Amino acid sequence: MSSSPLSTPLVHWHESHGGRMVDFAGWWMPVQYSSIVDEHLAARQAAGLFDVSHMGRLAIEGPGSQAWLESLLTRHVADIEVGRARYTLVTSDAGPAGLTILDDALVTREPDAPNGTPRLAMVVNASNRDRVVAWLVSQLPPEGVTLHDRTSATAMLAVQGPLAVDIVCGLCNSNGVARIQSLGNYRATRATVAGHDAAVSRTGYTGEDGVELVVAADAAVAVWEAIHAAGSPRGLRPCGLGARDTLRLEAGMPLYGHELVADSDPFAIGLDLAVNLDAASGTPRRFPGREELARMKADPAAMIRVGLAFDSKRAAREGSPVVVAGTTVGMVTSGSLAPALGHAVAMALVARHLAGAGTAVDVLVRDAVQPARVVPLPFYRRPAPRS
Amino acid sequence: MADDLKFAKTHEWIRPEAGGLATVGISSYAVEALTDLVFMQLPAVGKKVKAGESFGEIESVKAVSDMYAPVSGEIVEVNAALPNQLETLGKDPYGAGWIVRIKPDDPAELANLLDRPAYEALVKS
């Protein structure tokens, strides 16, 4: 990684609109523009606009691309239909137990190329991009699959919140509006947004309805400013990485490096759906690390992921011990004030027999003991849409 | 503006009061930089602190920060109401947002601190 951080096409916009910039995973990104709480609540009540161009965007194409990813990822890829997205883990068989979780990722099947070959898009975490790309490149077959890192050639914007889809549709022609409005969760399409071609998916990392847009790098500022101008009168705010983190925490979503790490047991952290073992079928799947994942599934881990709710606003942070009757029974993986709830919450790994909702625990927050109780995840669930 | 406030590089202010005491708070720059304040831990009255040593914590949504004693001395009073109304820090950081009163061991230590123009130059740089 270079010593000076990378920047997205929106860096000057961020800097000239009060963005407090930090080096995040090697990218010069805004943590916040105003107040994290205000940005968080805008996304919950109206809409938030996020620059997520630091996320790695990979294009995998060619006649062999689906079969190749099928042999590498924990989720089925061979049967993804055009316009569908799947959450998966990226694993290798390195490490003492033969399993290293390199990242979690979203794989989307885009419309086939004009010559009929499949095209897939993969979004990976900024912090893991280099090693995921290196791993994938090392596994490429001699022919039939190409992999391009499209991160710097494109930009990615997330528009999230109850008004997000409506605001984006206001910048599309009738064809685009129809495509986006009918888009189910984890579905993707293409549309012209503010005059620019965009890959649009009904996905996000906030617990809200919304879309993520991938546009050419040189269209990023125009699309961002159009969304900002159309949305601001309705309560949309630009949101930094601070609000992105508090939103995903309230929504109970794991973050690589916190809830999910290289040697995690995905079944213990609620990611069962990210692993297709097909153990019962006549033809179990083969992918790196499968044997260890099958063992983890058969032999449940001692510690599992739970939500903790506090009465106070004082937040436990990553690494805070969870204690019951003087014995350490777990550890916090993420914690913060939950702005939409008005009290602190945390995700933690705790001993399975203490993971039931309602269990009272103490969390050591620096020198102080903070009482908390186990609650079901997510902490926040968005209200059902009005029909 | 001319005033009798002195500042530490770590963004605490201190103001000498009658009777050899001094009032301590955090600067408006610090309050603005922290934003989204959620929690404050005050020291016990009677606690002895050394200059540069943490006397309490202030927590925002993003991070926890220590508050450092600008001079050595004894904590003789705390603004006990403040943790329950942290918005006061934003409204009046140099008045109602005071945090502790300290009895300095050596009032001459105040001379080691920055005056307001020097502090403002520091935070603008």
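**Figure 1. An open sheet of 6 strands in chain A of the predicted model.** The strands of this sheet follow the order β10-β11-β12-β9-β3-β13 in chain A, and their pairing is mixed. At the edges are β10 (188-193) and β13 (237-239) of chain A, each of which pairs on one side only. On average, neighbouring strands of the sheet are turned by 30° against each other, with direction ignored.

**Figure 2. The pairing of edge strand β10 with β11 in chain A.** Strand β11 of chain A covers residues 196-201 and pairs with β10(A) in the antiparallel sense. The two strands are joined over 6 bridges. One residue to look for in this view is A:Val193, whose bridge partner in β11(A) is A:His196.

**Figure 3. Strand β3 of chain A and the strands that pair with it.** Strand β3 of chain A comprises residues 48-51. With strand β9 (residues 154-160) of chain A, β3(A) pairs in the antiparallel sense over 4 bridges. Within this pairing, A:Asp51 has A:Leu157 of β9(A) as its bridge partner. With β13(A), β3(A) pairs in the parallel sense over 3 bridges. In that pairing, A:Gly48 stands opposite A:Arg237 of β13(A).

**Figure 4. The two faces of strand β3 in chain A.** Are the residues on the faces of this strand buried or exposed? Both faces are covered. A:Gly48 and A:Phe50 lie on one side, A:Leu49 and A:Asp51 lie on the other, and all four of these residues are buried.

**Figure 5. The largest nonpolar core and the surroundings of A:Leu157.** This core contains 128 residues. Which of them touch the most other members? They are A:Leu157, A:Val159, A:Val168, A:Leu213, A:Val223 and A:Leu308. Strand β17 (residues 343-351) of chain A supplies the largest share of the core, with 7 residues. In soluble globular proteins, nonpolar side chains tend to be buried together. A:Leu157, also the bridge partner of A:Asp51, touches A:Leu49, A:Phe50, A:Asp51 and A:Val52. It also touches A:Leu213, A:Val223 and A:Trp224; residues up to four places away in sequence are not counted here.

**Figure 6. Chain A as the setting of the views above.** Chain A has 9 helices and 19 strands. Its C-alpha atoms fill a box of roughly 65 × 55 × 50 Å along the principal axes. The radius of gyration of chain A is 21 Å, which agrees with the value near 21 Å for a compact globule of 387 residues. Buried residues account for 46% of the 387 residues. Of the contacts in chain A between residues at least 6 apart in sequence, 65% join residues at least 24 apart.

**Figure 7. Chain B and its contacts with chain A.** Chain B has 3 helices and 10 strands, and along the sequence they follow the pattern β-β-β-α-β-β-β-β-β-α-β-β-α. Its radius of gyration of 13 Å is close to the 14 Å that the globule rule gives for 125 residues, so chain B is as compact as a globular protein of that length. The C-alpha atoms of chain B fill a box of roughly 35 × 35 × 20 Å along the principal axes, and 38% of its 125 residues count as buried. How many residues of chain B are in contact with chain A? There are 7, and they contact 11 residues of chain A. By class, this side of chain B has 3 nonpolar, 1 polar and 3 charged residues.

Conventions
Residues numbered from 1 in each chain as written. Chains lettered and ligands numbered in written order. Predicted model: local features only at pLDDT ≥ 70, side-chain atom pairs only at ≥ 80, totals over all residues. Pairing = 2+ DSSP bridges. Axes fitted to C-alpha atoms, helices over the stretch in contact; angles between N-to-C directions. Core = buried A, V, L, I, M, F, W, Y, C linked by C-beta atoms within 7 Å. Buried ≥ 20, exposed ≤ 12 C-beta atoms within 10 Å, placed from the backbone. Contact = placed C-beta atoms within 7 Å. Rg over C-alpha atoms; globule rule 2.2 N^0.38 Å. Nonpolar A, V, L, I, M, F, W, Y, C, P; charged D, E, K, R; others polar.
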